[in-house]
Amino acid sequence: MTISAWVVFFSGVFGEQPEAAALGDSAMSIYYGCMPYFFYPFLCVIFVPLVILGIVPKMGGIKRAFQRVEETGALWPETSNMQNQGDDLGEVMGAITDNSEKDEKEVKPHLWTFILPMAVVIIATLKLDDILLGVSLGIAVCFVTYIPTRVMTMGKFCDACYKGLEDMLFIAAVLVTSLFYRDAINLIGLSDYLIEVAGPYMSAHWIAAIAFVLVGLVCFATANIWSIPAVCTPIILPLAAAAGASIPLTLGAIISAACFGAQTCFYSDVTLLSASACRINNVDYAVAQLPYIGIVSAITFIGYVVAGFVL
């Protein structure tokens with residue numbers, strides 16, 4: 001996205017680097033100036049329709065998932081049974097799908113029941129600059145509109161809220177654990193060590209490709225897609241300037257590495273939230289996309305190598 005917390009954060013990081021000053025008059029213009037070199041995220045966006053259309057074949061976990069559905073009808077593997085215990089989404093919303101007698105009248109879905117609370121969440125978050133308050137107001141709007149209009153009963157509304165808290169509890173536990181792991185990695189100075197080891201090999205032609213690999217591996221290991229790039233940027237950028245490498249290409253490689261780490265790490269917030277939305281185990285989710293990530297990462301690495309020699 002061109003406007004997001006990600007953009008604000010990294011534009012601030014890039015804007016503090018004197019080597020990047022030539023790219024624009026402001027921090028945002030510096031960020032936008034290096035966007036054409038975000039090879040990894042752009043390739044991911046291009047890859048999705050290729051997989052959907054079948055141009056890129058099904059591989060790994062995705063292929064096994066399709067085979068499982070065709071053979072057994074099971075929508076999730078056995079390892080994801082925990083994420084699918086209890087009432088399913090249809091039952092929570094009052095749309096019981098079996099042939100048993102319904103204790104409550106089935107409610108016809110209406111588009112406003114989705115648009116109204118989502119609009120409140122977005123507007124409140126932008127106005128109050130606090131997503132927690134925005135979500136809280138969205139839930140309050142659901143309560144004052146769903147109950148009187150009989151979209152949901154009081155019991156089912158409370159059950160849905162409880163189910164949401166239950167789903168987020170596992171994510172919160174893993175995130176807290178990952179914070180301890182991240183701090184341990186930072187305390188031993190892994191990122192500084194890797195930069196020091198790779199420093200002699202960072203020529204003008206290879207620095208972007210090496211930065212992509214090193215920063216990406218550290219982000220993958222720590223699930224820290226914010227502070228690791230922020231710490232590495234002031235180290236890598238002076239090396240790139242001293243070697244005569246392309247500054248926007250190097251910045252693009254750092255952003256690509258952060259995206260790679262967020263997508264591949266089994267316990268990153270991106271993986272946990274996406275897996276929770278799909279109601280599957282975060283490990284199953286991460287493993288299923290590994291073949292595609294491998295292909296995109298290889299193309300990205302080659303792209304930075306070629307661009308390093310051309311630019």
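What is the accessible surface of the protein chain, and what share of it belongs to carbon and sulfur atoms? The accessible surface comes to about 17500 Å², and carbon and sulfur atoms hold 70% of that area. Please keep in mind throughout that this is a predicted model.

Let me turn to the overall architecture. The protein chain has 14 helices and zero strands, so its elements, read from the N terminus, are α at every position in the series. The chain has 311 residues, and 35% of them are buried. Consider next the contacts between residues with a separation of 6 or more: 70% of these join residues that are 24 or more positions apart.

I would now like to concentrate on one element, helix H3, which covers residues 39-52. Its 14 residues, taken at 1.5 Å a residue, should span 20 Å. The C-alpha atoms at its ends are 21 Å apart, which agrees with that expectation. Which residues of H3 are buried? They are Tyr40, Cys44 and Phe47. The cover over these buried residues includes contributions from helix H10 (207-222), helix H12 (247-264) and helix H14 (282-310). Just after H3 comes Gly54, whose phi is positive, at about 85°.

Helix H3 also leads us to the largest pocket, where about 1600 Å³ of space is found. The lining of this pocket consists of 48 residues, and those closest to its centre are Val48, Gln263, Val270, Tyr285 and Gln289. Two or more lining residues come from each of H3, helix H4 (60-72), H12, helix H13 (269-278) and H14. Which element provides the largest share of the lining? That element is H3, with nine residues. Helices H12 and H14 therefore appear twice in this account: they help to cover the buried residues of H3, and they also contribute to the pocket lining. As for chemical character, the lining of the largest pocket divides into 36 nonpolar residues, six polar and six charged.

Finally, a word on a residue in another helix. Val231 belongs to helix H11, residues 227-243. Is Val231 buried, partly exposed or exposed? Its relative accessible area is 41%, and because the partly exposed class runs between 20% and 50%, Val231 is partly exposed. In sequence, Val231 and Val13 are 218 residues apart, yet in space the distance from C-alpha to C-alpha is 9.1 Å.

Definitions and conventions. Residues numbered from 1 in each chain as written. Predicted model: local features only at pLDDT ≥ 70, side-chain atom pairs only at ≥ 80, totals over all residues. Heavy atoms only, no water. Helix = DSSP H or I, 4+ residues; strand = E, 2+ residues; numbered from the N terminus. Buried < 20%, exposed > 50% of the residue type's maximum accessible area, 1.4 Å probe, protein only. Contact = heavy atoms within 4.5 Å. Areas by Shrake-Rupley, 256 points an atom, 1.4 Å probe, with all protein chains shown as cover. Expected span 1.5 Å × (residues − 1). 1 Å grid on protein atoms, 1.4 Å probe; cavity = no way out; pocket = protein on both sides within 12 Å on 5 of 7 lines; lining within 4 Å. Points joined across faces, edges and corners; volume = space filled by probe spheres on them. Nonpolar A, V, L, I, M, F, W, Y, C, P; charged D, E, K, R; others polar.
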